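I opened this entry to work through the strands first and the helices after them. Here is what I looked up.

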Amino acid sequence: VAKYLKSQAPIGARDTKTLKFFRDNGIPAVFSACMTMTLSLPKLERDNKVLIVDVELEDLKGLVPGKILGQSTFLTQKLLGDDADDNILRFILAFERLLEYSRARLVITNRLHVAMPCVALGTPVIFVHGKALPGGGGNRMDGLDVFMHQVKDDQPLPIDFDWEKPPANPMEQDFKKQVKRIQQLATCHDGISDSSRKFGVVPADWTAGEEEEACTRESAWSANPN
């Protein structure tokens, strides 16, 4: 498919490993990151919950204090049973889950599409790396995990990590810059511009002039993505 991709270039790459793969094969590409970075909700009051999503208890021993584990709520992001076949209910449940994440004091997960929305919603999140992450291997996090607290074999949490008042996610300003780039990319490409407006990726208060300005910036950025 390289010929087709080159004809549609620059191609958006969600992670930096994919970005390198495209460029190594002569396909012009930009780091478009993940659309879930653009999710937003009205500011909600925190409920002081610690949510652990799809991480096994055994994987957290020695990482999370026992007191915190005892207070935590264990969830799964996977929709099971008859609910999975109801397309309308799926959206309702997804929105309700986002509300839970936005209120939480802390979220601990090994799922990309739990971690990124949490960062977007301003909820501190710890990403637990492993050899077999749900949905695919660890390389799909390259370039995205820098925006969250993370645990790897060679990179534990700081000893003084505050579990009662978790620190904000790292690189907040860089995260906001990347969100702006996604908004520019979404606004300026006909295939997704309408749905991007519908689902709030593009700010509703942008004027036509601001969209044109964004497209001018995006065009220059895509031409020189390094």
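Which residue of β4 does Val53 stand opposite? I looked, and the partner is Leu75. I note at the outset that this is a predicted model.

**Sheet**

I traced the strand order next. The sheet is open, has five strands and reads β4-β3-β5-β6-β7, with parallel pairing. I then checked the edges. β4 and β7 each have a single partner strand, so one side of each is left without a neighbour in the sheet. From one strand to the next, the twist averages 20°.

**β3 and its two partners**

I counted bridges on each side of β3. Three bridges link β3 with β4, in the parallel sense. Beside the Val53 pair, I found Ile52 opposite Phe74 in β4. Towards β5 there are four bridges, and β3 and β5 run parallel. Here Val53 turns up again, standing opposite Thr109 in β5.

Are the residues on the two faces of β3 buried or exposed? I found Val50 and Ile52 buried on one side, and Leu51 and Val53 buried on the other. Both faces of β3 are therefore logged as covered. I also followed the connection from β3 to β4. It passes through helix α3 (residues 66-71), and β3, α3 and β4 make a right-handed β-α-β unit.

**β5, β6 and β7**

I moved along the sheet. β5 and β6 run parallel and are joined by three bridges. In this pair, Val107 stands opposite Val125 of β6. With α5 included, β5, α5 and β6 form a right-handed β-α-β unit.

I checked burial in β6 (residues 125-128) as well. Val125 and Phe127 are buried on one side. Ile126 and Val128 are buried on the other, and both faces of β6 are covered. On to β7 (residues 149-151): three bridges join this strand to β6, and the two run parallel. Phe127 stands opposite Gln150 there.

**Loop between β6 and β7**

I stopped at Gly143, which lies in this loop. What is Gly143 in contact with, leaving aside neighbours within four places in sequence? I found Thr16 and Phe31. Gly143 and Thr16 are 127 residues apart along the chain, yet their C-alpha atoms are separated by 5.3 Å.

**Helix α4**

I tested the length of α4 (residues 87-103). At 1.5 Å a residue, its 17 residues should span 24 Å. The end C-alpha atoms are 25 Å apart, which agrees. At the start of α4, I found a side-chain oxygen of Asp86 within 3.2 Å of the backbone nitrogen of Ile88.

Which residues of α4 are buried? My list is Arg97, Leu98, Leu99, Tyr101 and Ser102. They pack against β3 (50-53), β4 (73-75), β5 (106-109) and α5 (112-120).

**Helices on the sheet**

Last, I looked at directions. α4 lies across β3, β4 and β5, and runs at about 130° to β3. α5 also packs on the sheet, where it touches β3, β5 and β6. The direction of α5 makes about 160° with that of β6.

Technical notes: Residues numbered from 1 in each chain as written. Predicted model: local features only at pLDDT ≥ 70, side-chain atom pairs only at ≥ 80, totals over all residues. Heavy atoms only, no water. Expected span 1.5 Å × (residues − 1). Buried < 20%, exposed > 50% of the residue type's maximum accessible area, 1.4 Å probe, protein only. Contact = heavy atoms within 4.5 Å. Polar contact = N/O pair within 3.5 Å; in protein donor to acceptor, adjacent residues only side chain to side chain. Pairing = 2+ DSSP bridges. Right-handed = clockwise from strand over helix to strand, strands pointing away. Axes fitted to C-alpha atoms, helices over the stretch in contact; angles between N-to-C directions.
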